[in-house]
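Please look over the model shown below before reading on. The report that follows describes its metal site, its strands, its turns and its pocket.

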Amino acid sequence: MSLKIKKGDNVIIEKGKDKGKTGKILKFLDGNRIIVEGANIAKKHMRRRSETETGGIKEIPSPFSLSNVALFCPSCAKGVRFGVKILEGNEKVRVCKKCQQTI
Ligand SMILES: [Zn+2]
């Protein structure tokens, strides 16, 4: 069982133009690149392909490096480092190094 940052985790962006934004990891790509909801938005012009479809500009989150984000701790309300705690029955959970809450 891996206790790294994974898909679905809430992260905070620590570098670049979206610094300070939080979002959910939507996808993991090769080379430790990730796509985060609402972050690193690229505007793409969409062509109308049918009567029912609307054309225009679509905002698509584009990938960036996992090293630009930190796991977001809801109780600290910021990006934190995390450790691993072993529970009864050998279950491992991630805990915030600051407040010790499970994240
Ligand atoms: Zn915390």
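A residue counts as buried when its relative accessible area is under 20%, as exposed when that area is over 50%, and as partly exposed in between, with a 1.4 Å probe and protein chains only. F82 has a relative accessible area of 23%, so this residue is partly exposed.

This is a predicted model, in which local features need pLDDT of at least 70 and side-chain atom pairs count only at pLDDT 80 or more, whereas totals for chains, interfaces and linings use all residues. Residues are numbered from 1 along each chain as its sequence is written, and side-chain values use heavy atoms, with hydrogens and water left out.

**The zinc site**

Donors are N, O and S atoms within 2.8 Å of the metal (3.2 Å for Na, K and Ca), and since water is not among the atoms, sites may look incomplete. The zinc ion has as its protein donors the SG atoms of C73, C76, C96 and C99, which lie 2.2 to 2.3 Å from it. Along the chain these donors follow the spacing C-x2-C-x19-C-x2-C. Four donors count as tetrahedral if all angles lie between 85 and 135 degrees; four count as square planar and six as octahedral if opposite donors are over 155 degrees apart and all others between 65 and 115, and anything else is irregular. Around the zinc ion the angles subtended by the four donor atoms are 105 to 112°, and the arrangement is therefore tetrahedral. Two of the donor residues can be set side by side: C96 is buried because its relative accessibility is 0%, while C99, at 27%, is partly exposed.

**The open sheet**

Helices (H or I, at least four residues) and strands (E, at least two) are DSSP runs, numbered from the N terminus, and two strands pair if DSSP finds at least two bridges between them. Strands of a sheet pair through backbone hydrogen bonds, either parallel or antiparallel. In this model six strands form an open sheet in the order 6-3-2-1-7-8, with antiparallel pairing. Strand 6 (64-65) and strand 8 (78-80) are at the edges and have a single partner strand each, so one side of each has no neighbour in the sheet.

Within this sheet, strand 1 (residues 10-13) pairs with strand 2 (residues 22-29) in the antiparallel sense over three bridges, and I12 is opposite T22 of strand 2. Strand 2 is also joined to strand 3 (residues 33-36), by four bridges and again in the antiparallel sense, with F28 opposite I34 of strand 3. The hairpin of strand 2 and strand 3 has three residues between the strands, and G31 there takes a positive phi near 70°.

**Strands 9 and 10**

Strand 9 (residues 82-86) and strand 10 run antiparallel and are joined by five bridges. They form a hairpin with five residues between them, and G89 in its turn has a positive phi of about 80°. Strand 10 (residues 92-96) is mostly covered, as four of its five residues are buried. F82 lies in strand 9, and its bridge partner in strand 10 is C96, one of the zinc donors. The C-alpha atoms of F82 and V93, 11 residues apart along the chain, are separated by 9.9 Å.

**Loop and tail residues**

The table lists three residues with their places and relative accessible areas.

| Residue | Place | Relative accessible area |
|---|---|---|
| P74 | loop between strand 7 and strand 8 | 63%, exposed |
| A77 | loop between strand 7 and strand 8 | 53%, exposed |
| Q100 | segment after strand 10 | 48%, partly exposed |

A77 has a positive phi of about 60° although it is not a glycine, and Q100, also a residue other than glycine, has a positive phi near 70°. The C-alpha atoms of P74 and K98 are separated by 12 Å, with the two residues 24 apart along the chain.

**The largest pocket**

On a 1 Å grid over the protein atoms alone, a pocket is an open set of points with protein on both sides within 12 Å along at least five of seven lines, where a 1.4 Å probe fits, and lining residues have an atom within 4 Å of a point. The largest pocket holds about 170 Å³ of space, and its lining includes I5, E14, R81 and F82. Strand 7 (residues 69-73) gives the largest share of this lining, three residues.

Notes: Points joined across faces, edges and corners; volume = space filled by probe spheres on them.
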